[in-house]
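Here's a quick walk through a protein model, written for someone who would rather look at residues than read theory. Keep the structure open as you go.

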Amino acid sequence: MTDTTANNYELMSSKLILASASPRRRELLKLVGLNFEIIPSDADEAFLKGETPEEHVLRLSEEKASTISSHNPDAWVLGADTIVIINREVLGKPVAVDEAREMLQKLSAKKHKVITGFCLIRKNTDIMIRDTVESTVVFKEIPEDEIAWYVRTKEPYDKAGGYAVQGMGAFFIKEIHGSYTNVVGLPICEVMETLKEIGAIRFSKGGIYVHGKG
């Protein structure tokens, strides 16, 4: 699947691949005008014994990128993983109404952390960069009627922590400290800076160019 923008940007000798099916990451990359392909990775997202949250998102982002890069060695491949943590508990993606309700009750009137790890790989040049970005989100106290309404929408069920900052769940949020796009699912400022630093993109009057010279 190829994702393009309306900005008439040119794809150079090496393509950029997003190793994720996340519509939020796709929209963020489109927002900054990048041309890219989507090849989702099916990495197992379970925690390893003794693994810290930071180690977890770094490992998974690397595994996702590495899996796709092994079949596309000349491409720049971006992998990412995002988790929500409150009181040292990792909140995953709820699959049922009761689970979503319990997560929102835990987040209500409290602050929590959102940590994203991302990894950029181009296998045939042995370039690999990994990093993590952390944001703090403060929720208002959520009344039970609002929780009951929200868990009956489709929104909580493919989101870490059971809410969407860019969706209807936005009105639960009083404050965000740190990167907003990190809470959405991809710290786009840091990703773009890294792409530029490693030579994956350059900027010109005609747009953003994705190229293969590192």
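## Phe139 and its company

Start with Phe139 and set aside anything within four places of it in sequence: its contacts are then Leu104, Leu107, Ser108, Ala109, Lys110, His112, Tyr163, Phe172, Ile173 and Lys174. A word of caution while you click around: this is a predicted model.

Two of those partners, Leu104 and Tyr163, turn up again in the largest nonpolar core. That core has 45 residues, and the members touching the most other members are Leu34, Leu104, Phe139, Tyr163 and Leu195. Strand 4 hands over the largest share of this core, 5 residues. Apart from this core there's another one, made of 8 residues, including Ala65, Ala75, Cys119 and Ile121.

## The overall build

Zooming out, the protein has 6 helices and 10 strands. Its chain runs to 214 residues, and 51% of them count as buried.

If you look at contacts with a separation of 6 or more, 66% of them join residues that sit 24 or more positions apart. On the outside, the protein exposes about 10,500 Å², with carbon and sulfur atoms supplying 51% of that area.

## The largest pocket

How much space lies in the largest pocket? About 570 Å³. There are 34 lining residues, and the ones closest to the pocket's centre are Arg25, Thr82, Lys93, Asp158 and Ala160. Sorted by type, the lining comes out as 18 nonpolar, 8 polar and 8 charged residues.

Several elements chip in with at least two lining residues each: helix 1 (23–31), helix 2 (53–69), strand 4 (76–86), strand 5 (89–91) and helix 5 (180–184). Strand 4 gives the most, with 4 residues. So strand 4 is worth colouring in your viewer: besides that part in the pocket lining, strand 4 also supplies the largest share of the largest nonpolar core.

## A loop serine

Now hop over to Ser41, which sits in the loop between strand 3 (36–38) and helix 2. Is Ser41 buried or exposed? Its relative accessibility is 18%, and because the cut-off for buried is under 20%, Ser41 counts as buried.

What does Ser41 touch, not counting residues up to four places away in sequence? Its contacts are Ala19, Ser20, Lys64, Thr67 and Ile68. Lys64, Thr67 and Ile68 fall within the 53–69 span of helix 2, an element that also borders the loop holding Ser41.

Technical notes
Residues numbered from 1 in each chain as written. Predicted model: local features only at pLDDT ≥ 70, side-chain atom pairs only at ≥ 80, totals over all residues. Heavy atoms only, no water. 1 Å grid on protein atoms, 1.4 Å probe; cavity = no way out; pocket = protein on both sides within 12 Å on 5 of 7 lines; lining within 4 Å. Points joined across faces, edges and corners; volume = space filled by probe spheres on them. Nonpolar A, V, L, I, M, F, W, Y, C, P; charged D, E, K, R; others polar. Buried < 20%, exposed > 50% of the residue type's maximum accessible area, 1.4 Å probe, protein only. Contact = heavy atoms within 4.5 Å. Areas by Shrake-Rupley, 256 points an atom, 1.4 Å probe, with all protein chains shown as cover. Core = buried A, V, L, I, M, F, W, Y, C linked by side-chain atoms within 4.5 Å.
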